[in-house]
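This report describes the fold of one protein chain, working from the overall layout to single residues. The sequence and the structure come first.

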Amino acid sequence: MFVSNRSMICFFSFDETLGTGTAGGVMPAGPTPPTASLAPAVGVVSGVVPAGVVGVVVAVIVAVADLRGAIPELRGAMIATVDGLPIAQLFTDNTDGNRVAAMAATALGLGKRINDTLGTGDLSEMSVAGLDGQVYIYAAGRKGVLAVVAPSGMNVGLLNMEARDAASRVTQVL
C-alpha cells in the first residue's frame with residue numbers, strides 16, 4: 001500500500017493472517033515508483049509493526065516527510081518517543097538516529113524540569129544553536145519529541161510554523 005503526501009511516498013505491507021505490518025519508509029515522490037532500496041539520505045522506518053501501530057507509523061512518517069518537503073534545506077528531522085526511541089527520521093547524512101533520539105528526549109526532559117522549576121508552564125519547544133546550525137526540539141504531546149536540525153541562517157518563522165504543525169499532527173496519533 002502506498003500513502004502519498006505533497007512530496008514523499010510511504011509504503012508498507014500488512015499481513016492480515018499474522019496481524020502485523022511492515023513499514024517500509026519514505027522516499028521522494030516522482031515518476032519512478034518506489035523500490036525496496038532507499039537512499040541513506042532519505043531515512044527509513046522498518047521492521048515488523050503490530051497491526052494497530054501501522055497507521056500511527058505511517059502518520060508519523062508522513063508528518064516528518066511533509067516537514068522536510070516544506071523546508072528542503074533542513075539537515076534532518078526525526079520523531080522519537082520521550083524515552084529516546086526513534087520512530088521516524090529523515091536526515092541528509094549518516095546521522096545516527098538512535099543517538100539523536102536519545103539526546104532529543106533527554107533535552108526535552110531537562111527543558112521540562114527547567115520549566116517546572118521556574119514555573120513557566122508546560123514546555124512546548126526549545127533550541128540549541130552552534131556556529132554551523134541549530135537544533136530545535138518540539139514536544140509532540142506527552143509521548144513524543146520532534147527534533148529538527150537546521151542550517152545557520154534558517155528562516156526561523158517558517159521553521160517554527162511547519163515544525164509546530166508537524167508536532168501537532170504527531171501529538172494526535174501518539
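The sections below cover the chain as a whole, its five-stranded sheet, the helices on that sheet and selected residues.

## Overall layout

The model is predicted. The protein chain holds three helices and nine strands, and their order along the sequence is β-β-β-β-α-β-β-α-β-β-β-α. Of its 174 residues, 41% count as buried. The exposed area of the protein chain is about 9,100 Å², with 59% of it supplied by carbon and sulfur atoms.

Among contacts between residues at least 6 apart in sequence, 47% join residues at least 24 apart.

## The five-stranded sheet

Five strands make up an open sheet with antiparallel pairing, in the order β6-β5-β9-β8-β7. Its edges are β6 (86–91) and β7 (125–130), each of which pairs on one side only. On average, neighbouring strands of this sheet are turned by 15 degrees against each other, direction ignored. Strands of a sheet pair through backbone hydrogen bonds, in either a parallel or an antiparallel arrangement.

Strand β5 (residues 76–81) is joined to strand β9 (residues 144–151) by six bridges, in the antiparallel sense. Within this pairing, threonine 81 has glycine 144 of β9 as its bridge partner.

## Hairpins on the β7 side

Six bridges also link β7 to β8, again antiparallel, and these two strands form a hairpin with two residues between them. Alanine 129 stands opposite glutamine 134 of β8.

The antiparallel pairing of β8 and β9 extends over eight bridges, and here tyrosine 136 stands opposite valine 148 of β9. The hairpin of β8 and β9 has three residues between the strands, and its glycine 141 takes a positive phi near 75 degrees. Strand β8 is largely enclosed by the rest of the structure, because seven of its eight residues are buried.

## Helices packed on the sheet

Helix α2 (residues 97–118) packs on the sheet and touches β5, β6, β7, β8 (133–140) and β9. The direction of helix α2 makes about 110 degrees with that of β9.

Helix α3 (residues 156–173) lies across β5, β7, β8 and β9. Relative to β8, helix α3 runs at about 30 degrees.

## Two residues of helix α2

Is alanine 104 buried or exposed? Alanine 104, which has its place in helix α2, is buried because its relative accessible area is 2%, under the 20% cut-off. Leaving out residues up to four places away in sequence, alanine 104 touches Ile137, Val145 and Ala147. The C-alpha atom of alanine 104 is separated by 7.1 Å from that of glycine 84, a residue 20 positions away along the chain.

Isoleucine 114 also lies in helix α2. With a relative accessibility of 40%, isoleucine 114 falls between the limits of 20% and 50% and therefore counts as partly exposed. Together with Leu110 and Leu118, Ile114 makes a nonpolar surface patch of about 310 Å².

Methods:
Residues numbered from 1 in each chain as written. Predicted model: local features only at pLDDT ≥ 70, side-chain atom pairs only at ≥ 80, totals over all residues. Heavy atoms only, no water. Pairing = 2+ DSSP bridges. Helix = DSSP H or I, 4+ residues; strand = E, 2+ residues; numbered from the N terminus. Axes fitted to C-alpha atoms, helices over the stretch in contact; angles between N-to-C directions. Contact = heavy atoms within 4.5 Å. Buried < 20%, exposed > 50% of the residue type's maximum accessible area, 1.4 Å probe, protein only. Patch = residues over 30% accessible without salt bridge, like charges linked within 9 Å, V, L, I, M, F, W, Y side chains within 5 Å. Areas by Shrake-Rupley, 256 points an atom, 1.4 Å probe, with all protein chains shown as cover. Salt bridge = Lys/Arg side-chain N within 4 Å of Asp/Glu carboxyl O.
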